[in-house]
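Trainee: I've got a fresh model open and I'm not sure how to read it. Can you walk me through it?

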Amino acid sequence: MKKTKKKKRKNAPRSTHVTEWIRRLEETHGDAKQALLYSTPLELLIALILAAQCTDERVNQVTRSLFEKYRDAEDYASADQSTLEEEVRSTGFYRNKAKAIRACCREIVERFGGRVPEEVDDLVGLSGVGRKTANIVIGNAFGRPAIGVDTHVKRLARRMGFSKQNDPDRIEKDLCAVVPEKHWVRFCHLLQFHGRRICLARKPKCDICPGADICPKIGV
Ligand code: SF4
């Protein structure tokens with residue numbers, strides 16, 4: 001019987017070196033973790049809404065008192081808009097963020113009995129919640145495998161040759177195809193720390209990168 005050659009998908013991600021990357025990044029950024037402080041899925045969700053266009057440090061400063069005052073989704077849902085705006089003002093885009101938090105929590109109360117839903121489709125149906133946020137909540141607060149493609153994960157996945165895509169949803173798919181599922185959440189933390197410390201957006205420090213010899217440095 002004639003053998004047919006398996007055609008390679010044109011934009012198929014490269015799977016080479018992924019476990020070696022994980023090993024080396026783990027050695028370099030053993031302290032990598034979710035940088036936003038939270039103790040419940042709701043707190044992480046609120047912190048992620050506030051983190052848009054804002055540093056994690058600033059969000060952590062704001063949420064320290066916010067989480068003391070607002071204990072559950074009902075508290076946020078019934079918050080006064082202008083009071084909440086003032087409380088989150090320093091994170092920027094405070095009007096929209098306060099509005100999104102109130103709307104999102106109202107939906108959580110009305111549709112999910114006050115509990116943050118655990119399924120990605122339910123989460124992305126909430127105001128102010130996109131796929132990245134949904135996956136970060138699922139991966140970190142619910143401890144289930146998920147890849148949240150934030151700005152660092154997106155940039156590094158492309159530079160390292162794991163995805164040729166621009167769209168975060170497609171990058172997520174490419175990463176899910178090459179990264180072993182048990183490492184999904186950890187891989188994101190490692191890329192985030194690597195992106196902040198070494199593979200910087202404007203000037204990546206390839207000379208001190210632990211993966212310089214295996215990185216295709218795409219677009220660098
Ligand atoms: S070698 Fe350069 S481009 Fe590749 S991950 Fe390291 S810093 Fe980034």
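Mentor: Sure, and let's begin with burial: of the 220 residues in the chain, 35% are buried. Keep in mind that this is a predicted model.

Trainee: What does the secondary structure of the chain come to?

Mentor: You'll find 11 helices and zero strands. Going from the N terminus, the elements read α-α-α-α-α-α-α-α-α-α-α. As for the overall extent, the C-alpha atoms fill a box of roughly 70 × 45 × 25 Å along the principal axes.

Trainee: And the contacts? How much comes from residues 24 or more positions apart?

Mentor: Take the contacts with a separation of 6 or more: 60% of them are between residues 24 or more positions apart.

Trainee: Next, domains. Into which domains is the chain divided?

Mentor: Domain 1 covers 18–33 + 146–208, and domain 2 covers 41–141. Their centres, taken over C-alpha atoms, are 25 Å apart. The contact between them takes 10 residues from domain 1 and seven residues from domain 2.

Trainee: Which elements give two or more residues to the domain 1 side?

Mentor: Those are α10 (168–178) and α11 (184–197). The largest share, three residues, comes from α11. By residue type, that side of domain 1 divides into seven nonpolar, one polar and two charged.

Trainee: Let me try a single helix. How do I read α3?

Mentor: Start with its span. Helix α3 runs over residues 56–69, so 14 residues, and it reaches 20 Å from its first C-alpha to its last, close to the 20 Å expected at 1.5 Å a residue. Then check the axis: α3 has a kink of about 35° centred on Thr-63.

Trainee: Which residues of α3 are buried, and what do they pack against?

Mentor: Val-59, Val-62 and Thr-63 are buried. Thr-63 is thus both the centre of the kink and one of the buried residues of α3. The buried residues pack against α2 (41–50) and α5 (81–88).

Trainee: Is there another helix I could practise on?

Mentor: Try α9, residues 151–159, where His-152, Val-153, Lys-154, Leu-156 and Ala-157 are buried. What covers them includes α10 and α11. Gly-161 follows α9 and has a positive phi, near 85°.

Trainee: What should I know about the sign of phi in general?

Mentor: Most residues other than glycine have a negative phi. Here, Gln-53 has a positive one, near 55°, and Phe-93 has a positive phi of about 45°.

Trainee: Where do Gln-53 and Phe-93 lie?

Mentor: Both are in loops: Gln-53 is in the one between α2 and α3, and Phe-93 is in the one between α5 and α6 (94–112).

Trainee: Why is Gln-53 called exposed and Phe-93 partly exposed?

Mentor: You count neighbours. Gln-53 has 9 other C-beta atoms within 10 Å, and it is exposed because the cut-off for that class is 12 or fewer. Phe-93 has 16, so it is partly exposed, as buried would take 20 or more.

Trainee: Last one, the ligand. Which residues come nearest?

Mentor: There are 13 residues around the ligand, and Cys-199, Pro-204, Cys-206, Cys-209 and Cys-215 come nearest. The shell divides into nine nonpolar, one polar and three charged residues. Mind the classes when you read that, since Cys and Pro count as nonpolar there.

Methods. Residues are numbered from 1 along each chain as its sequence is written. This is a predicted model: local features need pLDDT of at least 70, side-chain atom pairs count only at pLDDT 80 or more; totals for chains, interfaces and linings use all residues. A residue is near a molecule or strand if its C-beta atom, placed from the backbone, lies within 6 Å of it. Helices (H or I, at least four residues) and strands (E, at least two) are DSSP runs, numbered from the N terminus. The bend at a residue is the angle between axes fitted to the seven residues ending there and the seven starting there. Two residues are in contact if their C-beta atoms, placed from the backbone, lie within 7 Å. Domain bounds come from an automatic or database domain assignment.
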